[in-house]
Amino acid sequence: MRWLKSECADSYYQVKPECKDVPATRFKIKPGRTLSVRKWLAAFSPNGQLDIRKTLKRIHRGGIHPSIRGEVWEFLLGCYDPMSTFDKRKQIREHRRAQYVRWKKECSEMFPVDGRGKCITSPVITEGLDVTRTDRNLVFYEKQENLSKLWDILSVYAWIDIDVGYCQGMSDLCSPMIILLEHEADAFWCFERLMRRLRENFRCTETSIGVVTQLGHLATVTQVIHPKLHQHFETLGGGHYLFAVRMLMVLFRREFSF
């Protein structure tokens, strides 16, 4: 397999020609190492159970081919149990899609402007600014229908998760789901699963934000493994590590290429 040429992944996520300052990805599609379509399909048993151990091993070695990244993420994020069958997952998918449609309908009846980039309610997205700014360098978001998907998913999530609502940065985490999964409801459930892990980062009070706990952990770890660096931050007045808020909240989404 060594003679096969590596393929760059940038072509799968087209950037607008006028955007010259977008970092190029270092990820290469490596035949024989990257989880390919063929290897992905071969990882399932006849009734649909996934050999997750072998799949993870290949992902660790060479990443996931962009063409199947969405459906792989559904397993990695916990939307589906690897031991579930094709039939069981079909039932779950249909049920979740129907549930999302109901929530979206209820949300639009209470605040009948979803999908238009206008104000629904203060905890959601005022005037849709976060939506229109998210991944604006990608050709994908030149289509209004794709922007509407992002708006609607964030609106529905903010409506059902009352304790957290909407916070700046959620759009960065939601955007990849919409680009990688064609069906809006499937993208919503991937985002919802991801938020189960990260929602505490976005829980805010009048005096603090949830990610502060992680900042404290980062400071402690840095002080132990690199005390001189920690002292340098202290000298500069950055001992609270507030410079890392965005990195931790949105998982370096704005620091790296899509």
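**Reading a helical fold, starting from one helix pair**

Modeller: Let's start with α6 and α8, which pack at an angle of about 50° with their axes 10 Å apart. This is a predicted model, where local features need pLDDT of at least 70, side-chain atom pairs count only at pLDDT 80 or more, and totals for chains, interfaces and linings use all residues. Residues are numbered from 1 along each chain as its sequence is written, and side-chain values use heavy atoms, with hydrogens and water left out.

Biologist: How do I read a helix pair like α6 and α8, with an angle and a distance between axes?

Modeller: Two packed helices are described by the angle between their axes and the distance between the axes. Axes are lines fitted to C-alpha atoms, for helices over the stretch in contact, and angles run from 0 to 180 degrees between N-to-C directions. Under 35 degrees counts as roughly parallel, over 145 as roughly antiparallel, 65 to 115 as roughly perpendicular, and the rest as oblique. Here α6 and α8 are therefore oblique to each other. On the α6 side, the contact (heavy atoms within 4.5 Å) includes Ile-153, Leu-154 and Tyr-157, and on the α8 side it includes Ala-187, Phe-188 and Phe-191.

Biologist: Which residues does Ile-153 touch, leaving out those up to four places away in sequence?

Modeller: Tyr-100, Cys-174, Ile-178, Glu-184, Ala-187, Phe-188 and Phe-191.

Biologist: And which residues touch the most other members of the largest nonpolar core?

Modeller: In soluble globular proteins, nonpolar side chains tend to be buried together. A nonpolar core is a set of buried Ala, Val, Leu, Ile, Met, Phe, Trp, Tyr and Cys residues joined through side-chain atoms within 4.5 Å. Buried means under 20% relative accessible area, exposed over 50%, and partly exposed in between (1.4 Å probe, protein chains only). In this core of 57 residues, Trp-40, Ile-153, Leu-154, Met-170, Leu-173, Phe-191 and Phe-202 touch the most other members. The largest share, ten residues, comes from α8.

Biologist: What about Asp-186 in α8: is Asp-186 buried or exposed?

Modeller: Asp-186 is buried, at a relative accessible area of 7%. Beyond four places in sequence, Asp-186 is in contact with Glu-74, Arg-93, Arg-97 and Leu-181.

Biologist: Zooming out, how many helices and strands does the protein have?

Modeller: Eleven helices and two strands. Helices (H or I, at least four residues) and strands (E, at least two) are DSSP runs, numbered from the N terminus. Along the sequence, the pattern is β-β-α-α-α-α-α-α-α-α-α-α-α. Buried residues make up 43% of the 258 residues.
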